[in-house]
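Visitor: Could you take me through one part of this model up close? I'd like one helix and its surroundings, please.

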Amino acid sequence: MLVAACLAGDQTAFAQLVDAYEGKLFYAAYRITGSADDAMDATQGAFVKAYENLGAFDPSRKFFSWIYRIVLNEALNILSRRRHQSALEEEMADPAEDDPEQLCEAEEEGRCVQRALMELPGEQRVVLVLRHFQGLSYQEIGEVLGIGEKTVKSRLFTARQNLRAVLTKQGLTQ
């Protein structure tokens, strides 16, 4: 296990952990904060905290759940420090898209969804991001957030209803 190797003093093992999780952590933080800069700050902060607290990691649990919880906390802390929510800085569009009109429509839709996500309370935004943008199971979300699966399902239900209301207000759904 890479965590055990890190604790034993293998500095390259932590670099492997960063390589393995950096993209997913950044994407989760990006969807929470709506800002690439803030997402990078949250991701870097999460790795620093993980490295500093690696000795407190419980090896009977998944490293994945532990590091996700750290990056989510970092992202939510960034949001709470920020007085005004910023607009989406860049869209994570598929560069392979050939049709400029479709690309433009997809980017606009992505910006609308991001703006709608930013209107939701933090705990609702987190469960939506973990489920629909990160593809985590209810059990995995529960592990990351330290809540039961029924609570995850309840929060998702409420979050989806609220997201639909915001998107309807924006004219994207009916």
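Guide: Lys150, Arg164 and Lys169 are exposed on the other side of α8 from its buried residues, where exposed means over 50% relative accessible area and buried under 20%, with partly exposed in between (1.4 Å probe, protein chains only). Before going on: this is a predicted model, in which local features need pLDDT of at least 70, side-chain atom pairs count only at pLDDT 80 or more, and totals for chains, interfaces and linings use all residues. Residues are numbered from 1 along each chain as its sequence is written, and side-chain values use heavy atoms, with hydrogens and water left out.

The buried set in α8 is Val152, Leu156, Ala159, Leu163, Val166 and Leu167. Looking down the axis of α8, these buried residues fall within an arc of 95°, so they line one face of the helix; the arc is that of the directions from the helix axis to the C-beta atoms. That fits the usual rule: an α-helix has 3.6 residues a turn, so residues three or four places apart point the same way.

Now pick out Leu156, which lies in α8 (residues 149–169); helices here are DSSP runs (H or I, at least four residues), numbered from the N terminus. Leu156 counts as buried because its relative accessibility is 0%. Setting aside neighbours within four places in sequence, Leu156 is in contact (heavy atoms within 4.5 Å) with Val127, Leu128, Arg131, His132 and Tyr138. Its C-alpha atom is also separated by 9.5 Å from that of Glu123, 33 residues apart along the chain.

As for what follows, just after α8, Gly171 takes a positive phi of about 85°.

Conventions:
Helices (H or I, at least four residues) and strands (E, at least two) are DSSP runs, numbered from the N terminus.
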